[in-house]
Amino acid sequence: MAKPNPNLQPEKASPARPRHSEIPHSYRAPSLPDFDPLIHERIRLGILSALAVNDSLSFNDLKQVLNTTDGNLSVHARKLEEAEYVKCDKSFEGRTPRTTYRLTGNGRKALQKYLDHMESLIKLTREK
C-alpha cells in the first residue's frame, strides 16, 4: 500500500458556478446568434461578399481579390456551390478554360441573414 506524500496539498474543491439568474446583468454576455458556419469562414465570406457586389467574377479575379491560392479557392468555392450559394459556369475562350462564379438567390439570402446577425451583435456590443 502506498504511503501518502506529505508534500502534496489536497485538492481544493472548485467553487460552484453561479446560476445564470445569479450573474449580475453587467457580467452577462449577449446571446450570440447562430452564424451559418459555411459563411463564417473567411475565404467563403469573401467569395460571397465579392459576388454580392459583382454580377459574376472569374476564378482568377476571385483569387486575386481574396489573395489566396488556386487550391484554397477551389475547395471553398466548391463548398459554396454544393450548398447552392454560388453557381459555377465553366466554358472555354479559345482553348483556355474559364470558370466564372455568380451568387444565387439562396446565397444572397444566406449572406443577408449572416450580415443581419453580425449587425445585431455589433449593436449589442456597442450599447455597452
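1. Angles between helix axes under 35 degrees count as roughly parallel, over 145 as roughly antiparallel, 65 to 115 as roughly perpendicular and the rest as oblique. In this predicted model, local features need pLDDT of at least 70 and side-chain atom pairs count only at pLDDT 80 or more, while totals for chains, interfaces and linings use all residues. Residues are numbered from 1 along each chain as its sequence is written, and side-chain values use heavy atoms, with hydrogens and water left out.

2. Helix α2 (residues 42–52) packs against helix α5 (residues 105–127) at an angle of about 110 degrees, the axes lying 11 Å apart; α2 and α5 are therefore roughly perpendicular to each other. The contact (heavy atoms within 4.5 Å) is made by Leu45, Leu48, Ser49, Leu51 and Ala52 on the α2 side and by Arg108, Leu111 and Tyr114 on the α5 side. By class, this contact of α2 with α5 has six nonpolar, one polar and one charged residues.

3. Within α2, the buried residues (under 20% relative accessible area, with a 1.4 Å probe and protein chains only) are Ile43, Arg44, Gly46, Ile47, Leu48, Ala50 and Leu51. At the N-terminal end of α2, Glu41 acts as the cap, with a side-chain oxygen 2.7 Å from the backbone nitrogen of Ile43.

4. Thr99 belongs to strand β3 (residues 96–103) and is buried, with a relative accessible area of 17%. Leaving aside residues up to four places away in sequence, Thr99 touches Leu57, Ser58, Phe59, Cys88, Asp89 and Lys90.

How values were computed: Axes are lines fitted to C-alpha atoms, for helices over the stretch in contact, and angles run from 0 to 180 degrees between N-to-C directions. Helices (H or I, at least four residues) and strands (E, at least two) are DSSP runs, numbered from the N terminus. Ala, Val, Leu, Ile, Met, Phe, Trp, Tyr, Cys and Pro count as nonpolar, Asp, Glu, Lys and Arg as charged, and the others, Gly among them, as polar. Buried means under 20% relative accessible area, exposed over 50%, partly exposed in between (1.4 Å probe, protein chains only). A polar contact is a pair of N or O atoms within 3.5 Å; within protein, one must be able to donate a hydrogen and the other to accept it, and residues adjacent in sequence count only if both atoms are side-chain atoms.
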